[in-house]
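The following exercises concern helix packing and pockets in one protein chain. Each task is followed by a solution in steps.

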Amino acid sequence: MNTLLYRVLPISNTLVNNLIIAFIGSMVIAVSAQISVHMYPVPVTMQTLAVLIIGLSLGPRVGTMSVIMYLLEGALGLPVFANYNSGIIVLFGPTGGYLFGFVIAVYVLGLFAKMGFDRSIIKTFLAVSIANGIIFALGLLQLALFFGLESPIVAWGLTPFIIGAIMKTIIVSILIPAIWKRVK
């Protein structure tokens, strides 16, 4: 595998190993969801940072499995969503678009990682910016569907998160290529 995970950990690429790693990834997302600042209707969490790192580190298949596991855990009632929320209602509530955006963003980041974008600060920054765009686009779309187009969805679902998204993008863009340099 051409992902950071298999370069760092001397494990084989088997279904069992991938499921275990995906489960661990889902738990990382769950823990990061609880590091939050309560805001309405969208809380500020560290989920996005975890999702970005998972996408670049685990690749498209295992990374996507991690996010899907996370969503299934929450839908089935485990308190893994922000502020210990759970249930299918969260997925179809105001913040569900961001959660579904994680799936696509991780897959896209995994594809970028397989193409080597995760080894350069500039290319990682570009890939992570695209992933953030996907997350925000789907998040804002669901906010609009939930509250209506006349609602201040950009003020609720984008503006308060811009500085944090830029900071997370910079962190990931420096961290992941630095790890690649260390393991080469």
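Helix axes are lines fitted to C-alpha atoms over the stretch in contact, and angles between N-to-C directions run from 0 to 180 degrees. The model examined here is predicted.

**Exercise 1. Determine how H3 is oriented relative to H6, and describe their contact.**

Step 1. The axes of H3 and H6 cross at roughly 125° and come within 11 Å.

Step 2. Angles of 65 to 115 degrees count as roughly perpendicular and those over 145 as roughly antiparallel. The angle found in the first step therefore makes H3 oblique to H6.

Step 3. The crossing in which H3 passes H6 is right-handed.

Step 4. On the H3 side, the contact is formed by Thr48, Leu52 and Leu56, which meet Thr124, Val128, Ala131, Asn132 and Ile135 of H6. Sorted by class, the residues of this contact are 5 nonpolar, 3 polar and no charged.

**Exercise 2. Carry out the analysis for H6 and H8, which pack at an angle of about 140°.**

Step 1. Helix H6 spans residues 121-147 and helix H8 residues 162-183; their axes lie 9 Å apart. The angle of about 140° makes H6 oblique to H8.

Step 2. H6 and H8 cross with right-handed geometry.

Step 3. From H6, the residues Ile121, Thr124, Phe125, Val128, Ser129, Asn132 and Phe136 take part; their partners in H8 are Ala165, Thr169, Ile170, Val172, Ser173, Ile174 and Pro177. The contact of H6 with H8 comprises 9 nonpolar and 5 polar residues, with no charged ones.

Step 4. Compare the two lists for H6: Thr124, Val128 and Asn132 meet residues of H3, and Thr124, Val128 and Asn132 also meet residues of H8.

**Exercise 3. Classify the crossing of H2 and H3, and place Met69 with respect to it.**

Step 1. Helix H2 (residues 15-33) and helix H3 (residues 47-75) have axes that come within 7 Å and cross at roughly 90°. The two helices are therefore roughly perpendicular to each other.

Step 2. The contact of H2 with H3 contains 18 nonpolar, 6 polar and 2 charged residues.

Step 3. Met69 belongs to H3. Neighbours within four places in sequence set aside, Met69 is in contact with Leu19, Ala22, Phe23 and Ser26. Those partners fall within the residue range 15-33 of H2.

Step 4. By contrast, the C-alpha atoms of Met69 and Val128 are separated by 22 Å, with their positions 59 residues apart along the chain.

**Exercise 4. Which elements line the largest pocket, and which of them gives the most?**

Step 1. The largest pocket holds about 560 Å³ of space. Its lining has 32 residues, and Val42, Pro43, Val44, Thr45 and Gln47 are the closest to its centre.

Step 2. At least two lining residues come from each of strand S2 (44-45), H3, helix H4 (88-91), helix H5 (96-114), H6 and H8. H8 gives the most, with 5 residues.

Step 3. The lining of the largest pocket is made up of 22 nonpolar, 9 polar and 1 charged residues.

**Exercise 5. Describe the lining of the second largest pocket.**

Step 1. The volume of the second largest pocket is about 310 Å³. Among its 15 lining residues, Leu5, Leu9, Ile21, Ser57 and Leu58 lie nearest the centre.

Step 2. Helix H1 (4-8), H2, H3 and H8 each give two or more residues to this lining, and H3 gives the most, with 5 residues.

Step 3. By class, the lining of the second largest pocket has 13 nonpolar and 2 polar residues, and no charged residues.

Note on methods. Residues are numbered from 1 along each chain as its sequence is written. This is a predicted model: local features need pLDDT of at least 70, side-chain atom pairs count only at pLDDT 80 or more; totals for chains, interfaces and linings use all residues. Side-chain values use heavy atoms; hydrogens and water are left out. Helices (H or I, at least four residues) and strands (E, at least two) are DSSP runs, numbered from the N terminus. Angles under 35 degrees count as roughly parallel, over 145 as roughly antiparallel, 65 to 115 as roughly perpendicular and the rest as oblique. A crossing is left-handed if the near helix is turned anticlockwise from the far one by less than a right angle, and right-handed if clockwise. Contact means heavy atoms within 4.5 Å. Ala, Val, Leu, Ile, Met, Phe, Trp, Tyr, Cys and Pro count as nonpolar, Asp, Glu, Lys and Arg as charged, and the others, Gly among them, as polar. On a 1 Å grid over the protein atoms alone, a cavity is a set of points where a 1.4 Å probe fits but cannot get out, and a pocket is an open set with protein on both sides within 12 Å along at least five of seven lines; lining residues have an atom within 4 Å of a point. Grid points are joined across faces, edges and corners, and a volume is the space filled by probe spheres set on the points.
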